[in-house]
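Please open the model in a viewer and keep the selection tool at hand. The tour proceeds by selections, each followed by a short account of what is found there.

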Amino acid sequence: MEKVLLGDNQFFAVSHLSDERSRAQAIRFKDDESIIRVIDQAIELGIMTFMCTTHDRIANICQHIRNNPVKYNGFKIYPCMPYAHKYANAITELGIIGTIKQYVPGNIFSTLTKGGVAFLSKDFIRLMEIFIDSEMKMFKGIDTPVIFIQNVIVDMLLGLKMFDVFKEYDLYIRRKYNAEPGYITMNLPALIDALNSTGIEKPIICSSINRSGFRMSGGKEIYEKYLNEKEFRPIAMQVLAAGALNPGEAIEYLGKFPKIESVLFGASSKSHLKETKELIEHFL
Amino acid sequence: MIKLKGAIIGLGKMGLSHAAIIGAHPDVNLISVCDTSSLVLDAFKKFSAIKTYNSYQKMIDDMTLDFVIVATPTKYHYQMVKYALDRGLHVFCEKPFSLNTSQGKELVDLAANKMLVNQVGFHNHFIGTFRELKRLLDKNVIGEIVHFTGEAYGPVVTKEKVGTWRSKPEEGGGCLYDYASHVINLIQEIIGRPEKICGTLLKKIYSRDVEDGVYSMLKLKSGLTGTLLVNWSDETYRKMATSLTIYGKKGKIICDATEIKIYLKEPFVPEKLDKGWTMKYITDLAIPVNFYLRGEEYSAQLDYFIECIKDKRQVIYNSFEQALYTDLVIEMIVKDAKNY
């Protein structure tokens with residue numbers, strides 16, 4: 001993995017610090033071109049990996065990448081699935097079965113469709129695979145060497161102690177996509193223990209790691225202990241604690257943990273991309 | 001220490017979220033869950049050691065429990081909460097609490113008589129910014145309050161189609177019960193209890209049978225007035241966004257789940273607040289939790305419930321009584337809307 005990964009929160013009005021900033025971002029990135037412009041600026045600076053959710057608009061970005069194979073030669077995407085709000089809003093409105101109906105391709109009550117068979121026979125692993133395939137469709141033809149499950153799903157399974165699902169996910173991503181499975185979590189120490197307990201070794205885990213302990217469940221100390229002692233491949237996110245920290249000090253803190261392989265961050269301007277990238281390369 | 005034994009009734013979005021949080025809680029064993037969907041129950045059977053039931057009565061009778069979490073559609077709350085309280089269980093119930101305030105009152109009294117811990121899931125009170133807002137108002141930072149606005153917007157119903165129980169008014173569906181209840185509850189606990197409704201518009205936008213927008217004027221006991229502006233058909237919001245704006249004679253505070261913006265006409269020295277704007281962020285105000293799922297507040301409210309059971313004390317935040325008051329205000333709003 002590269003040291004610097006471009007994130008996508010800024011494109012989809014995700015700010016953990018300010019609803020007002022969210023709105024400003026939504027206005028700024030109204031058009032796909034404005035997103036592509038930032039991606040192109042990142043590439044000019046040598047940032048060749050884009051880690052993004054399976055938001056509907058990413059499909060358009062993928063199409064643009066496919067249409068320009070020379071320009072995007074060597075460019076990689078790390079998909080993170082699912083785009084949780086799509087499903088969360090659907091569950092609120094349609095219920096769980098209604099949501100499955102909406103998103104599983106074909107008639108789920110028909111044994112003539114793959115989704116129908118999986119649904120009627122309650123083959124949960126097959127259903128999971130169908131969901132993964134449907135989320136992955138938009139990345140067809142694009143290099144996706146690491147595929148992540150989003151924290152809402154990871155942490156839900158973690159709390160419910162359904163660790164076998166991680167194992168099945170791990171197997172399927174390796175088998176079908178020839179990619180490394182990755183996990184996003186807000187509960188890093190508990191997840192490492194859970195994955196290790198199912199035999200998953202040295203997992204790629206993306207989690208909040210920052211000097212102020214923001215979104216580091218259980219506290220900074222246990223995170224630091226795991227970063228020093230456990231075998232895994234950490235990607236640090238929310239390194240600026242949603243913008244509350246000074247970038248220099250924030251990245252310097254990450255430098256204390258040689259295990260951290262990559263830093264995920266979102267930026268909207270070339271100068272900000274450049275500054276953060278230089279800091280990461282200096283301290284990591 | 002002996003772990004508490006808990007169960008969840010209703011495995012929709014909130015029930016699953018509660019199950020995961022309780023499942024990860026170090027002081028609790030989540031021993032059973034109950035739902036009517038065999039698909040969801042089979043997933044628990046296959047992937048977890050948690051016992052599954054499709055009848056809540058049977059589950060409560062069979063299992064030795066300390067508490068239950070009720071996360072079913074609102075119309076079932078009364079029968080389920082009553083059954084659990086009658087059998088001596090502490091109860092955490094999802095919002096809104098009741099559809100019928102006389103039934104709600106019965107549950108409030110029953111829980112009080114049995115001295116059982118009772119809490120409702122108005123999770124905003126476990127967001128650090130709203131806690132801070134209450135603290136600042138209690139210190140009289142913006143002087144005498146002259147008006148307030150409580151707002152919530154989000155993208156729940158953004159096109160015309162047939163939905164679930166949330167589109168049925170008789171089952172507790174609609175923007176008033178689902179979205180506005182959060183704002184009413186925040187207003188009543190942070191600013192004061194509304195006693196009179198002075199004009200209401202319940203607007204249908206995409207839904208056929210329920211309102212998608214709630215616009216109402218509220219009057220508190222103190223005479224203070226405010227506006228309630230809620231719309232769950234606004235897709236310019238990625239997720240539900242709830243905010244309170246309080247206008248005082250010495251300044252104004254705007255508070256949402258991520259930040260507090262304070263404007264003061266003069267400095268407020270005891271709080272080290274300058275003249276003009278001061279911003280405070282959730283990054284400094286979040287309540288620390290051991291397990292995070294979708295927001296600190298969801299874990300923090302359950303941590304608090306568990307803590308109260310262990311310490312044998314009643315909750316200060318989100319009691320049945322407070323939730324019942326929100327239901328009473330909803331009832332007043334529905335009645336008032338008929339005038340227009």
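The stops below cover a nonpolar core, a helix, a pocket and a cavity of this predicted model.

**First stop: the nonpolar cores**

Begin by selecting Ile39(A) and Phe148(A), the residues with the most contacts inside the largest nonpolar core, which has 130 residues. Helix α9 of chain B, residues 296-310, supplies the largest share of this core, with eight residues. Next, select Leu244(B), Ile282(B), Ile330(B) and Ile333(B); these are included in a second, separate core of 45 residues.

Return to Ile39(A) and display its surroundings. Leaving aside residues up to four places away in sequence, Ile39(A) touches Leu6(A), Phe11(A), Phe50(A), Ile61(A), Tyr72(A) and Phe75(A).

**Second stop: helix α6 of chain A**

Select residues 124-136 of chain A, which form helix α6. At 1.5 Å a residue, its 13 residues should span 18 Å, and the end C-alpha atoms are indeed 18 Å apart. Is this helix enclosed or open to the outside? Of its 13 residues, 10 are buried, so α6(A) is largely enclosed by the rest of the structure. The buried residues include the nonpolar Phe124(A), Ile125(A), Leu127(A) and Met128(A), and among them are also the charged Glu129(A), Asp133(A) and Glu135(A).

**Third stop: the second largest pocket**

Now select Leu158(A), Lys161(A), Gly23(B), Ala24(B) and His25(B), the closest to the centre of the second largest pocket among the 28 residues that line it. The space in this pocket is about 480 Å³. Which elements give two or more residues to its lining? In chain A they are α7 (151-159), α9 (188-197) and α10 (220-229), and in chain B they are α1 (13-23) and β2 (28-34). The largest share, four residues, comes from α9(A). By class, the lining of the pocket comprises 16 nonpolar, nine polar and three charged residues.

**Fourth stop: the second largest cavity**

Two cavities of 30 Å³ or more are present in the structure. For the second largest, which holds about 30 Å³ of space, select Asp170(A), Arg174(A), Glu180(A), Pro181(A), Tyr183(A), Ile200(A), Glu201(A), Lys202(A), Pro203(A) and Ile204(A), the residues that line it. Helix α8 (163-177) and strand β5 (180-185) of chain A each give two or more residues to this lining. The greatest contribution, three residues, is that of β5(A). By class, the lining of this cavity has five nonpolar and five charged residues, with no polar ones.

Notes
Residues numbered from 1 in each chain as written. Chains lettered and ligands numbered in written order. Predicted model: local features only at pLDDT ≥ 70, side-chain atom pairs only at ≥ 80, totals over all residues. Heavy atoms only, no water. 1 Å grid on protein atoms, 1.4 Å probe; cavity = no way out; pocket = protein on both sides within 12 Å on 5 of 7 lines; lining within 4 Å. Points joined across faces, edges and corners; volume = space filled by probe spheres on them. Expected span 1.5 Å × (residues − 1). Buried < 20%, exposed > 50% of the residue type's maximum accessible area, 1.4 Å probe, protein only. Core = buried A, V, L, I, M, F, W, Y, C linked by side-chain atoms within 4.5 Å. Contact = heavy atoms within 4.5 Å.
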